[in-house]
Amino acid sequence: MRILLLASAFNSLSQRLHAELRDRGHRVDVQLAGDDEELLATVARLRPSLVLAPMLRSAIPRTLWEQLTCLVVHPGPPGDRGPSSLDRAVQEGRTAWGVTVLQAEAEMDAGPVWAWAPCRLPERGKSDLYRNEVSDAAVTAALLAVERFASGGYVPQPQHGPGWHGTVRTRPPLRQAERRIDWTADPTEEVLRRLRAADSRPGVLDVLCGAEWYLHGGHREPLLRGRPGELLATRAGAVCRATPDGAVWLPELRRRRTPGGPVTVKLPAVTALGALLPPLAEHPAPLTADEGEHPGWSDLGYHEDGPVGFLRFSFPGGAMSAGHCRRLLAAYRFALGRPTTVLVLGGGRDFFSNGIHLNVIEAAPDPAAESWANITAMDDLVAEVLTTTDRLVVAAVGGNAAAGGVMLALAADEVWCRAGSVLNPHYRLMGLHGSEYWTYTLPRRVGAAQAERLTGRALPVSAAAAERIGLVDRVLDAGPEEFGAHAARLAGLLAASPSVHRRIAAKKAAREADERTKPLEAYRAEELAVMRRQFFTPESPYHALRSAFVRKTPVPAGLRAAP
C-alpha cells in the first residue's frame with residue numbers, strides 16, 4: 001500500500017514509522033506540512049491510499065480529509081484532545097498514558113478512533129518519553145490502524161454515541177504562564193515536573209543572571225543546598241540552582257530571542273551564560289560510586305559486575321561537543337585500566353549519540369575551527385575503541401543514533417540495539433562526508449554496496465532492518481526502562497562464555513592484519529581531508545544546512561545537501 005507520511009518535521013517518531021512501514025512492505029513517501037497547495041499537489045501526483053500524520057502542528061486541510069482517509073497520531077489516550085497532551089501529562093505527574101490514532105475531521109482530535117495503545121510514563125523528560133514509551137505505543141497503534149484500514153472492513157469507533165465509553169477532555173495549549181517556576185515557593189518535585197514537561201520544546205521561560213532564558217531539562221541534586229533561586233555550582237556544563245527544599249541541575253539554556261533578532265540556539269548552560277555566570281565551584285560527580293552512595297546527576301558513570309565493565313554516558317540530545325568527546329575518552333581509558341573481559345559502552349535508555357554538537361559549533365566564534373576540534377576529538381574517541389584489543393567491547397544502543405554516533409557504535413566488537421531504536425548511518429543531509437573511520441567500519445560490516453546505499457539514500461533504518469543487513473548484531477526486545485538490565489545480563493553471559501578469550505585473541509590478530517593492509521591513520525587522513533574542505537570553505541553547503549537545522553529555519557532554496 002502507498003502511504004503518505006504528513007509531518008511538521010521528520011522527527012524521531014516520523015522516522016521510526018517510515019522505517020517500520022517500509023519493513024512491512026509499504027511504499028512510504030514523506031511530505032512536510034505547512035504549504036497546503038504543495039500538499040494537495042503531492043497527493044494528486046502520488047495518489048496514496050492513506051495519509052498518516054505522526055506529528056503535526058497544523059490542521060490537515062478539509063479538501064484533503066474529505067477525499068482521502070487521513071489518520072492522525074495523537075500522544076494521548078482516547079478522548080484526550082489538545083496540542084499539549086503529553087506536556088500536560090508530564091507536568092501533572094501522570095504515570096499511565098496512551099497514544100490514539102484517529103481520523104481527521106473538522107474538530108481537532110475528535111474524529112473516530114482507529115486504534116490506541118497504552119504506555120507508562122516514568123519520571124523522565126517529555127522528549128525522552130516521546131522517543132521511547134510514547135514512540136513504542138504510537139508504532140503499535142499506528143501499525144494496527146494501517147492493518148485495519150488495509151483490511152477494508154474495519155469501522156472506526158466514533159468518540160460519541162452508544163459505543164463510546166470514554167471521557168472527552170479538551171485542554172488548551174500549555175502556555176508559559178502555566179509552566180512558570182516560582183523558585184522561592186515551588187518544591188523540587190514541582191520544579192522537576194515543569195522542567196521535564198518542556199525539556200526539548202518550548203523550554204521554561206525564566207530569568208537567570210539578569211537575562212531571560214528558556215530552561216531545558218532538569219535533574220535532582222541530593223546534597224547541595226542554598227537560598228531558593230541561587231546558583232550553587234557547575235557540573236559538566238550544567239548549573240545547579242537551589243529550590244526551597246533542595247536543588248536541581250539545569251543542563252541546557254536558550255537565550256530568549258529579541259524582537260527582530262536571530263533565532264537563538266539551545267546550549268550547555270555554562271556555555272550559554274558565558275561571562276554572565278558568576279564565579280562558581282565545579283562540583284564534579286565521581287565517575288564511579290560505591291554502593292549506597294548517591295552522587296546525583298552525571299552524564300558519565302562507570303561500574304563493574306564481575307568481569308564486565310559498564311561505561312554509561314548520556315548527553316542532552318545525543319550531541320557530543322569536543323569537550324564531551326574528551327571527557328568520554330578519559331572515562332573510556334579509565335575503564336581500560338580495569339581488569340574486565342567485556343566492556344559495555346552505553347546502555348542508557350535514550351539517545352546513544354548523534355555525533356558532533358552542531359549547536360555548540362553554530363554558537364562558536366569560529367564555527368569552522370570548532371567543527372574541526374569536534375570531529376578530531378570524536379575521531380580520537382573512536383580510534384581508542386577500535387584499537388582496544390585486550391577485551392571485547394559492546395555498544396549497547398538503547399535509543400536512537402545518527403551520523404558519527406552510529407559510527408561510534410560500529411567501532412565496538414558487537415552492537416546491541418533496542419527494538420525501538422532508529423539508526424541514521426549517514427551524514428549527507430548535513431552536507432558532510434563524515435569521519436569517525438566509517439570508511440573502514442561500515443563496509444566491513446555491511447559490504448561496500450550496502451554502505452554506499454546507506455550513506456547515499458540517507459534514510460532512517462529500523463533496528464530490525466539493521467540486524468538483517470548486519471549493521472547491528474543483536475536486537476533486544478525490551479522496554480526503555482528494561483534495556484540496560486537486559487544488556488547487562490547478556491554481557492555477563494558473554495564474559496562467562498568459554499570462547500571469550502579465543503575471541504579476544506582473534507580480534508587482536510584481525511586488527512593487526514587490517515593494520516598491515518591499510519593503517520587506521522590512512523582512513524582518518526582521507527576522511528578528514530574531505531571534512532577540512534567542507535568545514536573551512538565558506539561556500540560549503542554544510543554551513544547553511546547546519547544553521548538551518550539548529551535554528552529550525554527553512555533550508556535555502558536550491559541548496560544541495562550532498563557533499
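So, R220 first: its bridge partner in β14 is V248. Keep in mind that this is a predicted model. That pair belongs to the contact between β11 and β14, residues 246-250, where three bridges join the two strands and they run antiparallel.

Now zoom out to the sheet around them. There are four strands in it, ordered β11-β14-β13-β12, and the sheet is open with antiparallel pairing. β11, that's 219-221, and β12, 231-235, sit at the edges with a single partner strand each, so each of them has one side without a neighbour in the sheet. As for the twist, neighbouring strands are turned by 30° against each other on average, ignoring direction.

What packs on this sheet? Helix α8, residues 188-196. It touches β11, β14 and β13, the last of these being 238-243, and the direction of α8 makes about 15° with that of β14.

Okay, over to another helix. α12 covers residues 367-386, so to speak a ruler check: its 20 residues reach 28 Å from first C-alpha to last, close to the 28 Å expected at 1.5 Å a residue. And α12 is mostly covered, with 14 of the 20 residues buried.

On to charges. The structure holds 40 salt bridges, and I'll walk through a few.

One of them is R418 with D136, at 3.0 Å from N to O. This pair links distant parts of the chain: R418 is in strand β22, residues 414-418, D136 is in helix α6, residues 133-151, and they are 282 residues apart. R418 has just 2% relative accessibility, so we count it as buried. There's a network here, too: R16, E20, R24, D136 and R418 are linked by salt bridges.

Next, R327 and D299, whose side chains meet at 2.6 Å, N to O. R327 lies in helix α10, 322-336, while D299 is in the loop between α9, 269-273, and β17, 300-305, so the salt bridge ties together parts 28 residues apart in sequence. How do the two ends compare for exposure, buried or partly exposed? R327, at 30% relative accessibility, counts as partly exposed, whereas D299 is buried with a relative accessible area of 2%.

Last one: D390 and R391 form a salt bridge, with the closest N and O atoms 2.9 Å apart. Here D390 is the partly exposed residue, at 45% relative accessibility, and R391 is buried at 3%.

That's my tour; happy to pull any of these up on the screen.

Key. Residues numbered from 1 in each chain as written. Predicted model: local features only at pLDDT ≥ 70, side-chain atom pairs only at ≥ 80, totals over all residues. Heavy atoms only, no water. Pairing = 2+ DSSP bridges. Axes fitted to C-alpha atoms, helices over the stretch in contact; angles between N-to-C directions. Contact = heavy atoms within 4.5 Å. Expected span 1.5 Å × (residues − 1). Buried < 20%, exposed > 50% of the residue type's maximum accessible area, 1.4 Å probe, protein only. Salt bridge = Lys/Arg side-chain N within 4 Å of Asp/Glu carboxyl O.
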